[in-house]
Each structure stands twice: as structure tokens, then as C-alpha cells.
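Hi,

Here is the structure I promised to pass on. Have a look at it first, and then read on for what turned up in it.

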Amino acid sequence: MAAEENPPVPGLAEPLAPGLLRVLAPNPSPMTFWGTNSYLLGRREIAVIDPGPDDPAHLEALLRALPAGARIRHIIVTHAHRDHSPLARPLAEATGAPVHAFGPATSGRSAVMAALADSGLSGGGEGVDRGFVPDEILADGAGLRTSEWELTALHTPGHMGNHICLAWGDALFSGDHVMGWASSLVSPPDGDLTDFMASCARLASRHWQRFYPGHGAPIADPAGRLAWLISHRHAREAEILAALADGALTATELAARIYRDTPAALLPAASRNVFAHLVDLTGKTRVAPVSELGFDGGFTLSAGS
């Protein structure tokens, strides 16, 4: 799906479309691929989308990328993971631009995920920027516009409760919800697979020409990628149900059976993905916890599954 075979150079402003630059943050990892894509939209009135990790070198690179005479007017965060949001405040202090997002790090959580968080479940992802608070709330359907561009926020919880995508005409800044290099991590209590699938269906109901993701190359076939993501999750669900036919298993035990070719270092993340499916399947009454709903507990097939 990727339009590029080689990673971009961190810190270098690269044009992707008229009025759109990408500056790659220097934070490659198994979770972030090449690193975080920060986007600069506009020629004179600039929106910075996903400023990235708190890295002074990346802050300098974003300021250096500004066209002559341009000013940063808006800073937009798709979600409050530590590879996307921490640089928002230093960038705001350097430019005077407000920070926009759906809400603080825990906003947009479902009741099920809030209960899991209250029970003590945490971690399991890229790391949450727990102190993140935007200056201005960008609610579902809200827009930002200048004389040069217009963006509309689409609340797309799943990867994280406060995740938004940003529609720019028939293009979409898809954050970590849709990426071309990997499926999005869904790790409870911050990630919610039930919400993720609903958000995929919402995006699939519109025609898009191109997605600009939080990591990796632009996606030239958004409909095909969304169809793959949905199909991939359905296939994983079927694998989990088939494995549970042998008896009760935990998320960790299921991940070890299903992700046979996954490096050991990534199995904890895979286990969280499996747990996300188990929570979703519990809500559908396809599986049931052996005792209470929790990451370390066992799960069995429900009667009739």
C-alpha cells in the first residue's frame, strides 16, 4: 500500500501536495515505523497536524520548515499518545498558536474501557501523554478554516478514545487509525475494538482519494486499505474463536498460539490486541470471562458460539 519504498529524511520538509508539507520526527521504533509524520498545511496560515514527541530538534525542524512569511495559526493533535502530542505545548509557546484536539487523554472512552482503567489496567501501547490538555476542543464535525484551507474533525475512537481524523476535501489525515504499513494497535483501556470497527465503517462510507497517516507513506487506495483492515480484524476474531474451542485461554495464551511468527518483543502488544478482541466478543456475547473481565483472566466460548 505504501507509495514510498524508502523512509523520508527526519527533519526535512517534503512536499506531498500543493500546500502540504511533511516533516518526519526522529523517533523510529517497532510502534512508530519510520517515526511520526508531522504535517504542515497551508502556505501562509499554517496548521501543524501532530507535532510529535517532545524533541527540541523536531521543534526546530518544524519552525525551519515554515515558508517565508508564514505563521503557525493552529496546532492539531489527532490523539494523545506520546509520539503525537507532547511537542504541542512547546510549539504553542514558541508560536502563540492554540492547540486543538477532541479532548484530554482520557476523553472519548467507552464505559467498558473506563471500568477497565478504574480496575487498574494501563499501559500496553505507545505511551499515553496523560498531562495533555488542548486549548480548544475540536468536537466531532467541528471545522477549522483559513482563506487557504478547511478541515473537518471526525471523531474516530478505537486506537484511542480521543482520536480524530481530519477531512481535507476528499483527503484525510488519518492519524493512527488507518496506516499503510501495519494495522492499528488497539490496546485497552485506551484502545477499544468495538469503537475501532465502527470508526472504520464510518470512514468507509465516504469516498476518499488519499489518506495521510500518522506513520508511514500516504495511502493511495483508502477504500482498499479500509476493506483490508476490516477483513483483517474479522479474520483475527475467527482465529480467537477457533482457539477457544479447545477450552479457556487468556489473552497472552491466545496471542502465543495465533501470532506464531511475531518476535517475542512484540508479543505483549499482540496480547493487548487479542484482549481488545476478547472485550469486543464479550460485548457481543460470543465469549465470556471465566471470572471477571480483565487482561489476566481466562475466556471461554459462550453457549451457542
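A quick word on terms before we start: when I say helix, I mean a DSSP run of H or I with at least four residues, numbered from the N terminus. Please also keep in mind that this is a predicted model.

With that in place, helix 7 is a good way in. Right after helix 7 comes T285, which has a positive phi, near 60°. T285 isn't a glycine, yet its phi is about 60° all the same. Most residues other than glycine have a negative phi, and most peptide bonds are trans. You'll find T285 in the loop between helix 7 and strand 14 (287-289). Is T285 buried or exposed? T285 is exposed, as its relative accessible area is 56%, and the cut-off for that word is over 50%.

Helix 7 itself covers residues 267-283. Its 17 residues should span 24 Å at 1.5 Å a residue, and the end C-alpha atoms are indeed 24 Å apart, so the two agree. Of those 17 residues, 13 are buried, so helix 7 is largely enclosed by the rest of the structure.

Helix 5 (residues 222-244) is worth a look too. It has 23 residues, and from its first C-alpha to its last it reaches 33 Å, close to the 33 Å expected at 1.5 Å a residue. Among the buried residues of helix 5 are L226, L229, R233, R236, I240 and L244. An α-helix has 3.6 residues a turn, so residues three or four places apart point the same way.

Now for the whole protein. How many helices and strands are there? The protein has seven helices and 15 strands. For 305 residues, a compact globule would have a radius of gyration near 19 Å, and the protein agrees with that because its own value is 19 Å. Along the principal axes, the C-alpha trace spans about 65 × 35 × 35 Å. Of the 305 residues, 53% count as buried. If you look at contacts with a separation of 6 or more, 65% of them are between residues 24 or more positions apart.

On the surface, the protein exposes about 12,400 Å², with carbon and sulfur atoms supplying 54% of that. There are 22 positive and 32 negative side chains, and the centres of these two sets lie 3 Å apart.

Two more backbone spots to check:

- F33 is not a glycine, but has a positive phi of about 60°. F33 sits in the loop between strand 2 (20-24) and strand 3 (37-41), and is partly exposed, with a relative accessible area of 29%.
- P188 and P189 are joined by a cis peptide bond, with omega about 10°. P189 is in the loop between strand 11 (171-175) and helix 4 (193-204).

Finally, try clicking on Y212, in strand 12 (residues 210-213). Y212 counts as buried, because its relative accessibility is 4%. Which residues does Y212 touch, leaving out those up to four places away in sequence? They include L16, A17, L20 and Y39, along with W168, F173 and P218. Y212 and T78 are 134 residues apart in sequence, and their C-alpha atoms are 12 Å apart in space.

That's everything I have for now. Enjoy exploring!

How values were computed: Residues are numbered from 1 along each chain as its sequence is written. This is a predicted model: local features need pLDDT of at least 70, side-chain atom pairs count only at pLDDT 80 or more; totals for chains, interfaces and linings use all residues. Side-chain values use heavy atoms; hydrogens and water are left out. Helices (H or I, at least four residues) and strands (E, at least two) are DSSP runs, numbered from the N terminus. The radius of gyration is taken over C-alpha atoms; the globule rule is 2.2 Å times the number of residues to the power 0.38. Buried means under 20% relative accessible area, exposed over 50%, partly exposed in between (1.4 Å probe, protein chains only). Contact means heavy atoms within 4.5 Å. Accessible areas come from the Shrake-Rupley method with a 1.4 Å probe; for residues, only the protein chains shown count as cover. Lys and Arg count as positive and Asp and Glu as negative; His and the chain ends are not counted. The place of a charge is taken as NZ of Lys, CZ of Arg, CG of Asp or CD of Glu. The expected span of a helix is 1.5 Å times one less than its number of residues.
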